[in-house]
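Open the structure in your viewer and have the selection tool ready. The tour moves from the whole chain to a few strands.

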Amino acid sequence: NILEYNILDIKFDLSKFKNQVTWSLTKLDTADVDTWTNINLANILSLDGTKGALTKLITVNDSVIALQEKAISTINFNNRTQLSTEQGTPVEVANSGKVDGYTVISDNIGCVNKWSICQASSGIYFMDDLNKSFMSFSKNGIENIGIKYGMSKFFKDNSLIKSWIPGNEAVRVSYDALTQDVYINSDKYSLLFNEKLGSFTSFMPYEGFADMLNLDGYSFAIKPNNDKTSLFKMFQL
């Protein structure tokens with residue numbers, strides 16, 4: 001028997017693969033091994049490493065969107081494929097159930113901060129750190145919301161790409177599904193974009209708020225402080 005192996009020096013850091021996507025197999029009730037926790041590292045898709053690290057994976061309808069620091073791509077998962085029948089005459093079309101690479105949507109738009117990405121009813125909204133603007137991705141494609149609604153100069157002057165932590169002046173984007181409002185928050189400002197009206201409506205006194213969420217027909221907001229985190233019930237006396 002001949003064993004072939006390589007030795008890597010301590011300078012090789014194998015703990016992080018910043019541009020790779022890994023997926024689990026289908027979970028089965030009768031399986032001896034839980035495939036959701038026992039991940040097979042053969043199921044790996046490497047994105048373009050020249051476009052920076054993978055910031056976030058997010059779903060839009062039936063598509064899986066990968067946002068990198070300098071690119072946006074669609075993961076080709078479960079695409080429709082042609083299958084031959086047993087008789088060999090007609091051809092059936094079915095879902096492949098596989099990952100077949102990725103398709104680049106844009107290589108000149110990107111997002112560095114995963115907290116500045118949120119999913120809304122029509123698609124996703126995110127801060128474009130390359131072009132310093134506020135973007136949307138939906139069935140209409142990629143739109144520059146900052147330019148479209150006359151706020152391009154504001155975002156160029158106030159786009160902060162540092163990772164979001166309490167007390168840091170980075171941007172965090174949240175969505176309120178009840179009011180269809182998109183909140184663009186930092187420690188310096190809180191700007192409101194209404195998805196239904198399709199326009200920026202006002203500046204709000206919610207500077208430093210981390211996230212918005214909906215529960216039992218109410219809207220809640222989270223604001224972290226140095227020693228505690230506060231939860232607010234919105235639009236209530």
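What follows is a list of stops, each with something to select.

**Before you start.** This is a predicted model, in which local features need pLDDT of at least 70 and side-chain atom pairs count only at pLDDT 80 or more, while totals for chains, interfaces and linings use all residues. Residues are numbered from 1 along each chain as its sequence is written, and side-chain values use heavy atoms, with hydrogens and water left out.

**Stop 1: the whole protein.** Show the cartoon. The protein has two helices and 19 strands; these are DSSP runs numbered from the N terminus, helices being H or I with at least four residues and strands being E with at least two. Of the 237 residues, 37% are buried, where buried means under 20% relative accessible area with a 1.4 Å probe, counting protein chains only. Now switch to the surface. About 15,100 Å² is exposed, and carbon and sulfur atoms supply 51% of that area; accessible areas come from the Shrake-Rupley method with a 1.4 Å probe.

**Stop 2: strand β11.** Select residues 133-138, which form β11. How many of its six residues are buried? Six of the six are. Turn the strand to see both faces: S133, M135 and F137 are buried on one side, and F134, S136 and S138 are buried on the other.

**Stop 3: the partners of β11.** Add residues 123-128, which form β10. Strands β10 and β11 pair in the antiparallel sense over six bridges; two strands count as paired if DSSP finds at least two bridges between them. G123 has S138 as its bridge partner in β11. Four residues lie between the strands of this hairpin, where K132 takes a positive phi near 55°.

Next add residues 141-144, strand β12, which is joined to β11 by four bridges and runs antiparallel to it. Here S138 stands opposite G141. The hairpin of β11 and β12 has two residues between its strands.

**Stop 4: a three-stranded sheet.** Select β17, β18 and β19, which form an open sheet in that order with antiparallel pairing. Strands β17 (211-215) and β19 (229-233) stand at the edges with a single partner strand each, so one side of each has no neighbour in the sheet. Neighbouring strands here are turned by 25° against each other on average, direction ignored.

Finish with β18, residues 218-224, which five bridges join to β17. Which residue of β18 is the bridge partner of L213? The partner is F220.

Terms used. Buried < 20%, exposed > 50% of the residue type's maximum accessible area, 1.4 Å probe, protein only. Axes fitted to C-alpha atoms, helices over the stretch in contact; angles between N-to-C directions.
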